[in-house]
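Reader: I am new to this one and would love a friendly tour. Could you show me the structure before we start?

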Amino acid sequence: MTKVFYKLQDALDGMVSKNESIFQNQTNGKRYYVVATNKEYWDTYLNQGDRFGYEVIRSDMPCHLYIDLDINKEEYPSIIVEKVYDVLKKYIYLMFTSVYGIKREDILENIHTSSCGKKGSMHVIYNIRNKIFKSSAHCGAFMQNISDFVMTCSESDKVMFLEHWVDMSVYSRNRLFRMLGCTKWGQKRYLTNGKTYSYEEWSSNKVQPLLSSSYTFMGILRGDGTEPTYSSTNIGITGWKPPCVDIVLKDIEEKVAKAIRTHAHPLQHRFSCNLDTRQCPFQKRMHSKNRIYVNISLSTYSYHFRCHSPKCKGLTSKTYKFSDSTKEYVYNYLNQNICLPAVKYTN
Ligand SMILES: [Zn+2]
């Protein structure tokens, strides 16, 4: 029987069988959680055309490796998401085969796409024969190792990580991941794999499969040799910012350059924004690829600049204070009752 909950913790507590999963739905716009077996969920929702479903990737359960590629076509009109994936895929296969000894024929890629004029999106879920990742934190560590490798070995390929085309924020606790055949609420961009949509097709494309004893864990460690864990504070949300941050960014645009991407740490009131300039204040010259970014701290009413270039790692500009009028907006924001966006729903 399907069970409906309005809080994630209640849904987690409401699971009684290991054959059940948690989904997030958005029928009629309101979000809620469903605890059900795959078959019950399919029959009750997806097969009835209710297709706004996300899989909750439980942080305490093993999962397949999943990746999320996202390209804003207005910002990067000439970049094709499939081409970016072709580049990334070479490194993923290299890692699987050379570091983990997995044979190419034991790797199955499930590719889901949903592109439109504004966005190129792609999900890839890797099923490795008889192997599974211990948790999504282990997927995050695997992808971080790939990112570290690409950063040191290929000047031309690292752009996919620097510009966050590969979304590295999807490996957080109990992450929501949009499922095959589903679209965001209010849109009709269904994730598709080009095959006929069926129960078997959908359920075999999930990130968290029903566990069987044939699986063994992939022994993923972080670059420093430690066991992967979830970071509790440093996750943040890409793309979200309150209006007062726009005012701060307006000031920065007048002085330096326009912000083109925001990453928020709302609980700390910190925002990191890439700026549309490669003019480096540390090297006093233009970088060929790396941009400058600004770290804004609302609680100290200040910001400073840093640079994405590895040559400028660790360098920080002096701290700039907000103007008095900006400060007033920020003060009002910090002192109102606000609803923080706890989870990113933009997959
Ligand atoms: Zn620099």
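Author: Let us begin with one strand pair: strand β4 (residues 54–57) and β9 run antiparallel. Strands here are DSSP runs of E with at least two residues, helices are H or I runs of at least four, and both are numbered from the N terminus. Two strands pair if DSSP finds at least two bridges between them, and β4 and β9 share four bridges. This is a predicted model, where local features need pLDDT of at least 70, side-chain atom pairs count only at pLDDT 80 or more, and totals for chains, interfaces and linings use all residues. Residues are numbered from 1 along each chain as its sequence is written.

Reader: Which residue in β9 does E55 stand opposite?

Author: E55 has its counterpart within β9. That residue is F177.

Reader: What is the order of the strands in the open sheet?

Author: This sheet has five strands with antiparallel pairing. Its edge strands, each pairing on one side only, are β1 (3–5) and β9 (175–178). From one edge to the other, the order is β1-β3-β2-β4-β9.

Reader: How many helices and strands does the protein have?

Author: The sheet strands belong to a longer list for the protein. The count is eight helices and 18 strands.

Reader: What share of the residues counts as buried?

Author: A residue is buried if 20 or more other C-beta atoms, placed from the backbone, lie within 10 Å of its own, exposed if 12 or fewer, and partly exposed in between. Among the 347 residues of the protein, the buried share is 31%.
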